[in-house]
Amino acid sequence: MANTSSSSTIRAHIDVQLFHYIVKIGIGTFKTKPPYKEYYLDIDTGSSLIWIQCDGCTKCFKQTPNPFPKEKSSSFHPILRENKHVLYQCKYEDGDNTNGILARETFYLRSNTGGLEKLENIQFGCGVHNEMQYGDYKNNKIAGMIGLGWDDISFVKQLGLKSKGKFSYCLPVVSSGKTPSTFLRFGDDIAHKKNSKSTPLYRREKKSPYYVQLLGISINKTRLNISPEVFAFKNNKRSGCVIDSGTHYSRIVTHAFDILKLELEKYFSKFKGLKKIKGNLGLEICYQRSKPEGFNNLPDITFHLQGSEANFVMKAEAAFEVVGRFIPIRLREYFCLAIIRDNVESIIGAYQQTNHMIIHDTKNKKLVFYPEDCSKNS
């Protein structure tokens, strides 16, 4: 195993399970080679807790390999208060939840030199009652979650000087069929490009998610008539806009979504061979085509964010889903806008973040982004 050194930086290879972006991390200290066990954790910027399903769980989801054998790890230390385990509860927006005990453990990540970095005394949750959708997936390999939110317990904050409060990721398009060669990076491992844009990051009501100020939406180069006030954060109604790797499809507040829907219907009315249909993806705006065209003739969608030219441009591959289906024996193609309406707040989800380098700079409170081919070494 390589020694840790001040010149090396840590990173984790990003993989994909269905629509979850995941990283493999070594955890624990065992009398084996290697001396740790490897698990995949779901990348979530909308929460801060790091947790993993533990051996002895009373409510478990199916996973491969088996849950973390905490009793066999010599570096596993439960956090105690007055000689009692400190418990945690974490409930997610979709209703999934995990409960268990807080502990400290040794984590291992790869370094940019190809060696291993040993990270001691990382606080995490040892999940013993876990109601998560992961177990519904065939051959599920997700064992828990790596929270990267604002709180001090998040992975980026616990890394301290190693992260310098910064992390980046480049999410590959899931349907590309390519094996991702991209990383969750921290600190000095992050490169900035000249064509990068930035927008302020906000924290609201001491919660974990990262908020940005969404000001408007365009279809191709045409700005829609939506007041920025629609997206503004209001304490009594919440609203605002979150950027979240743990949400799949983006969400837009209803008033703005209705305008986007109307303008897209006008846009597609100019094309022949399109028929409005109800797709089976849970998406609202769908059209069947008379002939397959893939992502051709589909518009870019732009989210206009606060800041000088902070335009987050989503190419068709990040704005739409294109699906083939047999009706009844002929293959017909349909496409859907990969954005859904929401009554509470707007969210820039993982699907829309694909093929962008996304850098969270928590110390300077800014989000930096630029277009990137995430199938490459990003």
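## Backbone oddities: worked exercises

Asn297 sits in the loop between strand S23 (286-289) and strand S24 (301-305). We're working with a predicted model here, and these exercises go after its unusual backbone spots.

**Exercise 1.** Work out what sign phi has at Asn297, and whether Asn297 is buried, partly exposed or exposed.

*Solution.* Start with the backbone: phi of Asn297 is about 60°, so positive, though the residue isn't a glycine. That's worth a second look because most residues other than glycine have a negative phi. Next, the surface: the relative accessible area of Asn297 is 44%. Partly exposed runs between 20% and 50%, so Asn297 counts as partly exposed.

**Exercise 2.** Find which loop holds Glu82, then decide whether Glu82 is buried or exposed.

*Solution.* First, locate Glu82: look between strand S6 (80-81) and strand S7 (84-85) and you'll find it in the loop there. Then check the backbone: Glu82 is another non-glycine residue with a positive phi, near 55°. Finally, the relative accessible area is 76%. Exposed means over 50%, so Glu82 is exposed.

**Exercise 3.** Which residue is joined to Pro34 by a cis peptide bond, and which to Pro65? Place both prolines in their loops.

*Solution.* Take Pro34: its cis partner is Lys33, with omega about -5°. Pro34 belongs to the loop between strand S2 (20-27) and strand S3 (37-44). Now Pro65: the cis bond links it to Thr64, and omega is about 5°. Pro65 lies in the loop that runs between strand S4 (50-53) and strand S5 (77-78). For context, most peptide bonds are trans.

How values were computed. Residues are numbered from 1 along each chain as its sequence is written. This is a predicted model: local features need pLDDT of at least 70, side-chain atom pairs count only at pLDDT 80 or more; totals for chains, interfaces and linings use all residues. Side-chain values use heavy atoms; hydrogens and water are left out. Helices (H or I, at least four residues) and strands (E, at least two) are DSSP runs, numbered from the N terminus. Buried means under 20% relative accessible area, exposed over 50%, partly exposed in between (1.4 Å probe, protein chains only).
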